[in-house]
Structure formats: C-alpha cells, structure tokens
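Dear colleague,

I am handing over the structure below, followed by my notes on what was found in it. Please read the notes with the coordinates open beside them.

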Amino acid sequence: MPGTSFFHQARNNAWSNHRLYGVCQKLTDDERNTKRTAFSSSILETLNHILTNDWYYLDALVGGGRGRDCLANEMPFTAIDKLAAAQRDTDMRLMAFCEQLNDKDAIRSVELIREEGSKTFETVADILSHLFVYQTHQRGQVHALLAVTGQAPPPLDDYHLEYDAPMPRIDFAALGRKGA
C-alpha cells in the first residue's frame with residue numbers, strides 16, 4: 001500500500017533530519033555560516049533550503065494555497081534552534097500526511113506552480129518520491145560540508161530496521177513519536 005511505504009519514508013526522513021540537526025546544533029555559528037563549495041554555500045543555507053522546499057511541496061500536497069510564497073525567503077531562520085524546531089514541525093506534519101495516505105489519494109493529481117509561473121500537475125506519490133530523494137540529496141550536501149568542521153557527520157545511510165531498533169527508538173522518543 002503506497003501510504004504505508006510513504007509513511008515509512010517520512011519517518012526515516014524525520015529520523016535522518018533529527019540526526020543531522022543533532023550534529024549541526026553542536027557547530028559554532030562560524031562553522032554553520034562559513035561559505036564552502038556546495039549547491040548551497042553554507043550548512044545553514046542548505047538546511048534552510050531543505051526546509052523551504054519541504055514547505056513548498058507539503059503546502060501543495062495539503063492544498064495550503066501558499067505556492068511559491070513558501071520559497072520567497074531563502075533564509076527564514078538564522079538561529080539553528082529555531083530552524084531545527086521548524087524542520088521537526090514540518091517533518092511531523094509530513095509524517096501525519098503520509099500516515100493517512102491511501103491508494104486513491106496517492107494517485108490524486110496536485111498542482112505545482114513552477115518558477116516561471118507555469119503550472120504542472122503531478123501525483124501525490126510522485127511528489128512524495130521526489131521530495132524524499134531531494135531531501136536525501138540535500139542532507140548529503142550538509143553531510144559533506146560537516147566533514148570539514150570539528151564535528152563528525154552522523155550516519156545517515158541507516159533505515160529504521162528492526163536490527164537497528166534501539167537507536168531509532170531513542171531518536172523517535174526525542175521526536176515525540178514511536179520508533180521502528
């Protein structure tokens with residue numbers, strides 16, 4: 001069932017973000033803001049980029065009506081604690097959306113307003129698939145940027161399998177959700 005699969009992906013997405021933010025919050029402001037070579041030039045910019053894109057796609061999925069306004073401010077947060085809280089809130093909303101998703105809803109068509117003002121129509125399933133791949137890529141950018149700081153990048157290649165259950169249970173408890 002698509003909803004179950006997407007819920008698991010949303011849960012793993014939240015877990016990965018939680019782990020990444022756990023390390024990023026230990027960085028100095030200088031380490032988070034230093035311009036480096038990557039898609040976005042700093043850790044803080046990349047984390048904000050992830051969040052605003054989450055807002056854009058989640059808004060489209062729930063019919064929020066904000067559209068491209070979700071992307072208007074490329075740096076809505078300069079304080080890492082506020083950014084982490086906003087990402088956590090967005091991850092929880094995405095999990096809740098995916099938790100209620102059913103087969104019929106997964107093939108529902110959703111309108112996306114694109115950069116040049118054009119509209120495209122994509123299915124819920126395609127948008128979610130894109131969003132999770134996009135998040136993985138962007139977290140990889142932050143992971144690479146962390147490698148040149150004083151903090152070791154966290155492992156992000158795990159999935160919440162039963163074998164690894166003790167670790168995600170602790171993290172999911174911190175997120176206020178039941179784990180694997």
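Phenylalanine 97 sits in helix α4, where helices are DSSP runs of H or I with at least four residues, strands are E runs of at least two, and both are numbered from the N terminus. With a relative accessibility of 9%, phenylalanine 97 counts as buried, given that buried means under 20% relative accessible area, exposed over 50%, and partly exposed in between, computed with a 1.4 Å probe on protein chains only. Its C-alpha atom lies 8.7 Å from that of leucine 58, although phenylalanine 97 and leucine 58 are 39 residues apart in sequence.

Before going further, please keep in mind that this is a predicted model, in which local features need pLDDT of at least 70 and side-chain atom pairs count only at pLDDT 80 or more, while totals for chains, interfaces and linings use all residues. Residues are numbered from 1 along each chain as its sequence is written, and side-chain values use heavy atoms, with hydrogens and water left out.

The protein chain holds seven helices and two strands, which follow one another along the sequence as α-α-α-α-α-β-β-α-α. Of its 180 residues, 47% count as buried.

The largest nonpolar core, meaning a set of buried Ala, Val, Leu, Ile, Met, Phe, Trp, Tyr and Cys residues joined through side-chain atoms within 4.5 Å, has 45 residues, and those with the most contacts inside it are Cys24, Leu47, Cys98 and Leu128. Two or more residues of this core come from each of α1, α3, α4 (80–99), β1 (109–113) and α6, and the largest share, eleven residues, is that of α3.

Helix α3 (residues 43–62) packs against α6 at an angle of about 175 degrees, with the axes 10 Å apart; the axes are lines fitted to C-alpha atoms, for helices over the stretch in contact, and angles run from 0 to 180 degrees between N-to-C directions. The two helices α3 and α6 are therefore roughly antiparallel, since angles over 145 degrees count as such, those under 35 as roughly parallel, 65 to 115 as roughly perpendicular and the rest as oblique. By class, the contact of α3 with α6 has 13 nonpolar, seven polar and two charged residues. Here Ala, Val, Leu, Ile, Met, Phe, Trp, Tyr, Cys and Pro count as nonpolar, Asp, Glu, Lys and Arg as charged, and the others, Gly among them, as polar.

Alanine 60 is also placed in helix α3 and counts as buried, at 15% relative accessibility. The C-alpha atoms of alanine 60 and glutamate 111 are separated by 6.8 Å, with their positions 51 residues apart along the chain.

Turning to the second largest pocket, a pocket is an open set of points on a 1 Å grid over the protein atoms alone, where a 1.4 Å probe fits, with protein on both sides within 12 Å along at least five of seven lines, and lining residues have an atom within 4 Å of a point. This pocket is lined by eleven residues, of which Asn12, Ser16, Phe132, Thr136 and Arg139 lie nearest its centre. Helix α6 gives the most to the lining, with five residues.

Best regards
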